[in-house]
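Trainee: Could you take me on a close look at a single part of this protein, the helices and the spaces beside them? I'd like one connected account rather than a list.

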Amino acid sequence: LEQRARVHAEVARAFAELYPDRLNERAALLAQHWEGAGQPLEAARWSRRAAEWVRGSNLAEALYHWRNVRARLAEVPEGAERSALAVDACIQLLELGWRLGMPEDEAAALFAEGEVLAMRSGDVRSLAMLVNVYGTVRGHFGSAEEFLASSVKATRLAEQTDDVELQLVARTRLTIALVAEGNLREATAVSEEVLARPPTDLKLGASILGYSPYLRVLKERGSLLIEVGRLDEGARVLEQAARLAREQGDLEVLGWTHGGYVTLARIRGDAETALMHAREVMWVAEKLGSPFFRAGACLSFGQAHIVGGQWAEALPALERALAIARAGQAGVWTEPLALAWLAGAHLGLGDAARAQTAADAALAAAERRRTRPAECIAHIGRARVLLRTGAVG
């Protein structure tokens with residue numbers, strides 16, 4: 001066993017010396033060798049590098065490597081580096097968890113562990129990131145109000161530092177939370193503050209969030225303009241966000257931007273364009289392997305088919321979005337929207353009873369989660385059902 005451990009260590013060192021330009025792509029292999037060498041801290045370091053390397057293209061593999069970081073750290077004595085790596089693992093597992101799905105109790109345990117470590121070491125930066133991402137997770141499990149409260153807290157923590165990257169990340173999540181909660185005026189104000197100071201490096205903060213904060217805010221700005229009826233201006237901003245996301249290779253922002261285009265096409269009544277962008281959203285979802293994005297893509301297809309009067313085609317897409325949401329681990333935010341659009345599809349097919357059931361369920365889900373935009377859509381959908389069935393004069 002001792003000889004085998006020495007061989008593993010020698011192989012790892014030799015590889016690092018002979019192939020210095022291939023270390024990122026081979027980080028997972030080096031982690032295995034260091035684990036075999038009985039060096040868990042070194043194995044954790046390389047597992048982290050492997051996770052960061054694959055993060056932009058394979059979320060599930062990144063999740064695997066971050067779990068491996070935690071597993072290796074369980075064998076490492078207490079120390080500053082161990083604590084820092086453990087907090088990072090908690091943060092990134094939560095970041096990946098809301099994309100891929102994570103049980104609520106596991107998310108709570110990760111937050112609790114990371115919070116203790118960050119507070120014990122006085123690490124305000126890590127604490128801000130942890131509060132930030134856990135708010136996002138809680139927003140998926142609970143309400144938009146919890147998401148907003150955590151985002152406000154994370155922003156205040158970030159402002160206690162002089163860390164520009166951290167402040168950009170916090171303000172990005174604050175913008176998203178304000179949109180989810182329905183405070184479009186304040187969301188617009190925060191987004192304008194962010195966009196007024198573009199970073200030199202558009203990828204600043206991507207190592208934390210997994211996507212460019214600046215480009216995400218740019219996308220949100222385009223969607224906000226569309227929401228208030230400034231369609232042409234919003235379309236131009238979305239185009240800018242999409243172009244920059246392609247240039248930066250930012251798949252997640254690109255996917256959200258195509259989702260924004262679906263909304264724009266729906267408002268304009270352009271079924272063909274809506275369907276085209278729905279396909280792009282699904283391409284991103286499949287590329288990332290994310291149930292969160294897949295739920296959004298199914299929702300986009302449902303809207304596109306409804307705009308085109310293809311009621312029967314809309315049903316399976318919306319039912320798939322609803323199934324992902326009700327699984328309770330990813331894409332939960334789509335539940336009230338999927339139900340609201342299902343009500344419209346059933347109404348188009350002439351099934352008033354199912355339309356009524358779906359509309360009532362959509363409103364109940366939106367009120368339970370206190371997501372104001374979804375509540376508005378659910379109320380409108382329910383009103384259409386009542387008008388069609390003659391329940392109101």
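Mentor: Here is a walk through the helix packing, with the cavity and one pocket taken along the way.

Keep in mind that this is a predicted model. Let's start with helix 3, residues 40-54, since several contacts run through that helix. Its partner helix 4 covers residues 59-73, and the two pack at an angle of about 165° with their axes 8 Å apart. Angles over 145 degrees count as roughly antiparallel, so that is the label for helix 3 and helix 4. The crossing itself is left-handed, as helix 3 passes helix 4. On the helix 3 side, the residues in contact are P40, L41, A43, A44, S47, R48, A50, A51, E52 and V54. Facing them from helix 4 are E61, A62, H65, W66, N68, V69, R72 and L73. Sort that contact by class and you get 11 nonpolar, three polar and four charged residues.

Now look at helix 3 from another side, where helix 5 (80-100) comes in. Here the axes come within 11 Å and cross at roughly 35°. This crossing, too, is left-handed. Helix 3 brings L41, A44, R45 and R48 to the contact, while helix 5 answers with E81, L85 and D88. By class, that makes three nonpolar, no polar and four charged residues. L41, A44 and R48 are worth picking out on your screen: they touch helix 5, and they also appear in the contact with helix 4.

Helix 3 has a part in a pocket as well. The second largest pocket, with a volume of about 330 Å³, takes at least two lining residues from each of helix 3, helix 11 (206-209) and helix 14 (251-268). Its lining counts 16 residues, and the ones nearest the centre are G56, A206, G210, Y211 and G249. The lining is a mixed bag: five nonpolar, six polar and five charged residues.

Follow helix 5 next, and you come to an enclosed space. The structure holds one cavity of 30 Å³ or more, and the volume of this largest cavity is about 40 Å³. Around the cavity sit G97, W98, M102, V137, H140, F141, Q329, A330 and G331. Two elements, helix 5 and helix 7 (124-141), give two or more residues each to that lining. Helix 7 gives the most, with three. Unlike the pocket lining, with its five charged residues, the cavity lining has no charged residues; the split is five nonpolar and four polar.

That leaves helix 7, which also packs against helix 9, residues 164-181. The two axes come within 11 Å and cross at roughly 15°. Angles under 35 degrees count as roughly parallel, so helix 7 and helix 9 get that description. Helix 7 passes helix 9 in a left-handed crossing. The residues that make this contact are R125, A128, M129, N132, V133 and T136 from helix 7, together with E165, L166, V169, A170 and R173 from helix 9. Their classes come out as six nonpolar, two polar and three charged.

So, to retrace the route on your own display, begin at helix 3 with its roughly antiparallel partner helix 4. Step across to helix 5 through the left-handed crossing, go on to the cavity that helix 5 and helix 7 help to line, and finish where helix 7 runs roughly parallel to helix 9.

Terms used: Residues are numbered from 1 along each chain as its sequence is written. This is a predicted model: local features need pLDDT of at least 70, side-chain atom pairs count only at pLDDT 80 or more; totals for chains, interfaces and linings use all residues. Side-chain values use heavy atoms; hydrogens and water are left out. On a 1 Å grid over the protein atoms alone, a cavity is a set of points where a 1.4 Å probe fits but cannot get out, and a pocket is an open set with protein on both sides within 12 Å along at least five of seven lines; lining residues have an atom within 4 Å of a point. Grid points are joined across faces, edges and corners, and a volume is the space filled by probe spheres set on the points. Helices (H or I, at least four residues) and strands (E, at least two) are DSSP runs, numbered from the N terminus. Ala, Val, Leu, Ile, Met, Phe, Trp, Tyr, Cys and Pro count as nonpolar, Asp, Glu, Lys and Arg as charged, and the others, Gly among them, as polar. Axes are lines fitted to C-alpha atoms, for helices over the stretch in contact, and angles run from 0 to 180 degrees between N-to-C directions. Angles under 35 degrees count as roughly parallel, over 145 as roughly antiparallel, 65 to 115 as roughly perpendicular and the rest as oblique. A crossing is left-handed if the near helix is turned anticlockwise from the far one by less than a right angle, and right-handed if clockwise. Contact means heavy atoms within 4.5 Å.
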